[in-house]
Amino acid sequence: MRNIIDDIEIRAREELFINIHPIQPGGRLTPEAMKAMIAYGDGYSTCDWCRKPFRLDKIKRPPIEEFHIELAEFLGMDQARVVPGARRGFQAVVSSLVEKGDSVIVSSLAHYTEFLAVEDAGGIVKEVPLNEKNIVTAEATARKIEEVKKETGKLPKLIMIDHFDYMFGNEHDVYGIAKVAKEYDIPFLCNCAYSIGVMPINGKEIGADFLVGSGHKSFASPAPSGIVASTKEWADIVFRTTQMIGDVTKRKFGIKEVEMLGCTLMGANLIAMMASFPAIKERVKHWDEEVRKINYLMDEFLKIEGNKVLSEMPRKHTLTKVDTTESFDKIARTHKRRGFFFSDELRDRKIVGEFAGATRTWKLNTYGLTWDQIRYLAQAFQDIAKKYGINIIK
Ligand SMILES: *Cc1c(COP(=O)(O)O)cnc(C)c1O
């Protein structure tokens, strides 16, 4: 069987290949999540045992309520909700705090969904410049706040900074930035799309008012899924309940939360997150090993003459941006397949996930690969180099 129906092919990338796609590895499902997808795939499946007061995060069977409590605890926060993607987490927070014309501090490496969340609320993004190492520092954040204050006469309403950015996978000084945020009394949202679910994260230790995570990016969960967590100081604002009363019917909808539009992440997506949770709690303890693997791979990768790593070194994350302009791209310039020669060579070795055709700067992510696969990958890059006469530095 090769197709689900006529033109929808079976997807077997993770079974047949080593996948180094920058955004996919952390979202790869656990076997438990796969089972949940099948068993809870029907639309409103989580509503079987929904009882008063009729809200998703209050359902006791399966233990959705307990999951919410444990999730908040796991993140060192007071309250957590599940949402359809990190982006919906930004949206919930931004839409609660930001009004038309308000400034929001973001990173110069902010994800586009942060821009959109601010735009949706009528706010204006103000980007903190990067230092020479492509890091957002606390000092630069403080400087930007002062600039905004001088320019607009008002403090920004929110600071939203990525723990690890999507471009380099660099770690930004969210601990220091949280302190700056406190000094100015501005709420701080720490965007952990690339960290919650792969490494230990504690919002209280960071000093964040909000944490946002992505289920499909880093929590072994299907898309869309995500997490927004808050301290108790902000929970009443972001998770405020409906006050609306129908003018004809006088109806009210009790404890439904406005930003969540009542119930958020229903059905299989939520149950799959819950099914992956035990594995997540275990795997975050082994983040060190993941970091050792990417550093080994990059050491081997750099033995290929001309190769560069654009992300900070040593690596602190498995997502990494590399530059092969002076190695593989030189081959691509005269090869009849151009940049695709490199993808062809990788695919022949059962490696996929690099941006097809790209031989200058591109990203890879080794999260979850075994040591054998890492060594194989290192060897494969060097073998391709050798095949085209690129030097390997010993
Ligand atoms: C992937 C990503 C997002 C978006 O996450 P979704 O869960 O797809 O909404 C936001 N921020 C960063 C830094 C990301 O890498």
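1. Let's start with the sheet in this predicted model. It is open and built from three strands, arranged in the order β11-β12-β14 with antiparallel pairing. Strands β11 (308-309) and β14 (361-365) sit at the edges, and each has a single partner strand, so one side of each has no neighbour in the sheet.

2. A closer look at the pairing of β12 with β14 may help you find your way around. Strand β12 covers residues 319-323 and runs antiparallel to β14, with five bridges joining the two. If you would like one pair to click on, take Leu319, whose bridge partner in β14 is Asn365.

3. The sheet also has a helix lying across it. Helix α12, residues 287-301, lies across β11, β12 and β14, and runs at about 5° to β12.

4. Next, the nonpolar interior. The largest nonpolar core holds 59 residues, and the ones with the most contacts inside it are Leu71, Ile159, Ile161, Phe188, Leu211 and Leu270. Helix α11 (residues 267-283) contributes the most to this core, giving seven residues. Both domain 1 (13-26 + 286-387) and domain 2 (45-265) supply at least three residues each to this core.

5. Leu211 is a good residue to display with its surroundings. Setting aside neighbours within four places in sequence, Leu211 is in contact with a list of residues that includes Leu75, Met77, Cys190, Cys192, Ile196 and Ile201. Also among its contacts are Gly203, Ile206, Ile227, Val228 and Ala229. Apart from the core described above, there is a second, separate one of 29 residues, which includes Phe301, Ile331, Ile374 and Ile390.

6. Is His68 buried or exposed? Its relative accessibility is 6%, and because buried means under 20%, His68 counts as buried. His68 lies in helix α3, residues 64-74, and its side chain reaches the backbone oxygen of Ile64 at 2.8 Å. Leaving out neighbours within four places in sequence, His68 is in contact with Asp57, Ala80, Arg81 and Val82.

7. Finally, have a look at Pro53, in the loop between α2 (31-39) and α3. Pro53 has a relative accessible area of 43% and is partly exposed. Which residues does Pro53 contact, leaving aside its neighbours within four places in sequence? They are Lys58 and Ile255. The C-alpha atoms of Pro53 and Lys256 are separated by 8.8 Å, although these residues are 203 residues apart along the chain.

Note on methods:
Residues are numbered from 1 along each chain as its sequence is written. This is a predicted model: local features need pLDDT of at least 70, side-chain atom pairs count only at pLDDT 80 or more; totals for chains, interfaces and linings use all residues. Side-chain values use heavy atoms; hydrogens and water are left out. Two strands pair if DSSP finds at least two bridges between them. Helices (H or I, at least four residues) and strands (E, at least two) are DSSP runs, numbered from the N terminus. Contact means heavy atoms within 4.5 Å. Axes are lines fitted to C-alpha atoms, for helices over the stretch in contact, and angles run from 0 to 180 degrees between N-to-C directions. A nonpolar core is a set of buried Ala, Val, Leu, Ile, Met, Phe, Trp, Tyr and Cys residues joined through side-chain atoms within 4.5 Å. Buried means under 20% relative accessible area, exposed over 50%, partly exposed in between (1.4 Å probe, protein chains only). Domain bounds come from an automatic or database domain assignment. A polar contact is a pair of N or O atoms within 3.5 Å; within protein, one must be able to donate a hydrogen and the other to accept it, and residues adjacent in sequence count only if both atoms are side-chain atoms.
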